[in-house]
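Could you walk me through how the helices and strands fit together here? A short, friendly briefing would be ideal.

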Amino acid sequence: MTRSKKKMSINEISTTVYTIGFGQKSAKDFFTLLRINKVSKVIDVRLNNVSQLAGFTKKDDLAFFLKELCQCKYEHRPNWAPTKDLLDRYKSKKTSWNEYEVEFLRIIQSRNIMANIELGSVANSCLLCSEPTPEQCHRRLLAEQIRVKLPTVKIVHLK
């Protein structure tokens with residue numbers, strides 16, 4: 001008697017997409033969170049990843065640390081970040097969080113970001129930004145849009 005193997009559809013396969021902000025975290029805490037959660041790839045969704053404020057998360061340093069400490073890949077996706085104008089308006093309180101959300105969702109649509117999202121490209125990955133918590137950060141909005149496209153994705157915010 002042979003058993004036929006049921007081929008799973010893409011909608012039945014689940015995976016986790018993590019998010020993390022490096023703000024208010026030590027390097028030890030940051031890399032430990034990534035390592036214990038077995039994150040396989042960090043997707044840097046910051047507009048600027050070379051600022052002096054980035055500390056241990058500057059582009060080249062971060063790629064090195066991720067590989068050496070977490071056996072993790074690194075990708076920078078600045079097109080997944082808000083525009084400088086939107087960031088500046090939000091930081092200067094000329095734009096509310098609600099307005100920011102609406103405008104950032106428009107940016108995601110206009111850049112057609114979700115069109116190229118596939119389970120394999122985000123499986124067990126972690127969206128990185130500077131905000132310490134996800135509540136008012138575009139990485140949360142990105143993760144939620146990924147889950148809209150791939151409903152089996154579980155979102156975990158590393159804190």
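What follows covers the sheet, the helices that lie on it, and the contact between those helices.

This is a predicted model. At its heart for this briefing is an open sheet of 5 strands, paired in parallel in the order 3-2-4-1-5. Helix 1 packs on this sheet, and helix 2 lies across strand 2, strand 3 and strand 4.

**The sheet**
- Strand 3 (73-76) and strand 5 (153-158) are the edge strands; each has a single partner strand, so one side of each lacks a neighbour in the sheet.
- On average, neighbouring strands are turned by 25 degrees against each other, direction ignored.
- Strand 2 (residues 41-44) and strand 3 run parallel and are joined by 4 bridges.
- Val-42 has Tyr-74 in strand 3 as its bridge partner.

**Helices on the sheet**
- Helix 1 touches strand 1 (15-21), strand 2, strand 4 (125-129) and strand 5, and its direction makes about 180 degrees with that of strand 1.
- Helix 2 runs at about 155 degrees to strand 3.

**Helix 1 against helix 2**
- Helix 1 (residues 27-36) and helix 2 (residues 59-70) pack with their axes 10 Å apart, at an angle of about 50 degrees.
- The two helices, helix 1 and helix 2, are therefore oblique to each other, and their crossing is right-handed.
- From helix 1, Phe-30, Phe-31, Leu-34 and Arg-35 meet Leu-62, Phe-65, Leu-66, Leu-69 and Cys-70 of helix 2.
- The residues of this contact comprise 8 nonpolar, no polar and 1 charged.

Conventions: Residues are numbered from 1 along each chain as its sequence is written. This is a predicted model: local features need pLDDT of at least 70, side-chain atom pairs count only at pLDDT 80 or more; totals for chains, interfaces and linings use all residues. Side-chain values use heavy atoms; hydrogens and water are left out. Axes are lines fitted to C-alpha atoms, for helices over the stretch in contact, and angles run from 0 to 180 degrees between N-to-C directions. Angles under 35 degrees count as roughly parallel, over 145 as roughly antiparallel, 65 to 115 as roughly perpendicular and the rest as oblique. A crossing is left-handed if the near helix is turned anticlockwise from the far one by less than a right angle, and right-handed if clockwise. Contact means heavy atoms within 4.5 Å. Ala, Val, Leu, Ile, Met, Phe, Trp, Tyr, Cys and Pro count as nonpolar, Asp, Glu, Lys and Arg as charged, and the others, Gly among them, as polar. Two strands pair if DSSP finds at least two bridges between them.
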